[in-house]
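Trainee: I'm new to this structure. Could you pick one part and take me through it closely?

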Amino acid sequence: MGKIISFSNQKGGVGKTTSCVSIAAALGRRGKRVLLVDIDPQGNATSGVGIGKKAMHYTVYDVLLGSVPAADVVLLTPFRNLSLLPATIALAGAEIDLQAVAHFETRLKEALEPLREQYDYILIDCPPSLGLLTVSALTASDGVVIPMQCEFFALEGMSQLLITIKKVRQRFNPSLELVGILLTMYNGRFTLTKQVVEELKKYYADKIFKTPISRSVKISEAPGFGTPISYHDPYGKGSLEYDDAAKELMSRI
């Protein structure tokens, strides 16, 4: 049975989508069958693997509303062992529509369950919020990865996310676990970076991924080409770091 893992952080600009896409691609290159699920209305994970609107007949929005099975929406990407459940801006309306649906929080879980046997990993890119879509993703997941930029505002935001994870665990998904905290845009020469890491280690030392993801121009430009970093710059530092993170993810869950 495939593992379902959400990548979540309500603070934008922390490398959440980039990390989700990059680790999904790295797992695929390692021979794992991977489904990338985009439930962010911005659709950045979808464009990040080179899928345009013309390729989509349906999106995850249709899946959440029960209009079509998830299997009929899955698209193949140009990258090894990597499939996609795409999203567009239409998903922005789902939070309003889902409020009228009984047991909305289980919709994504029910949609993804039949796909578990087809994939080794199902990675969900959550929106930068703690709304219904994120709650749905956490309810569907075995675990959650928190990509976190090394700054104090991100540290404060993480505590809010951990409260949400605790509530989801209590109400909807008792088996949900924190897989790990992935440090992004890392620069070990900065005093602030060192301070944030030290603060994290006080409380979450065993949850921090061993390899932080360095700040990199190549990582930043890869989404513009619709290509994960492991294909855009396969031998670069960023690609190697995300490959290490993917390998560690496999050992954590």
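Mentor: Sure, and one term comes up straight away: contact, meaning heavy atoms within 4.5 Å. This is a predicted model, where local features need pLDDT of at least 70 and side-chain atom pairs count only at pLDDT 80 or more, while totals for chains, interfaces and linings use all residues. Residues are numbered from 1 along each chain as its sequence is written, and side-chain values use heavy atoms, with hydrogens and water left out.

Let's look at helix α11, residues 237–252. Helices (H or I, at least four residues) and strands (E, at least two) are DSSP runs, numbered from the N terminus. The expected span is 1.5 Å times one less than the number of residues, so the 16 residues of α11 should cover 22 Å, and its end C-alpha atoms are indeed 22 Å apart.

Now, which residues of α11 are buried? Buried means under 20% relative accessible area, exposed over 50%, partly exposed in between (1.4 Å probe, protein chains only). In α11 that goes for G238, S239, E241, Y242, A245, A246, E248 and L249. They pack against β1 (3–7), α1 (16–29), β6 (143–149), β7 (177–184), α9 (217–221) and α10 (229–232).

Follow L249 inward: it is among the residues with the most contacts inside the largest nonpolar core, which has 34 residues. Such a core is a set of buried Ala, Val, Leu, Ile, Met, Phe, Trp, Tyr and Cys residues joined through side-chain atoms within 4.5 Å. I23 is another of those residues, and it touches Y242, A245, A246 and L249, among others.

Terms used. Lists of a residue's contacts leave out its neighbours within four places in sequence.
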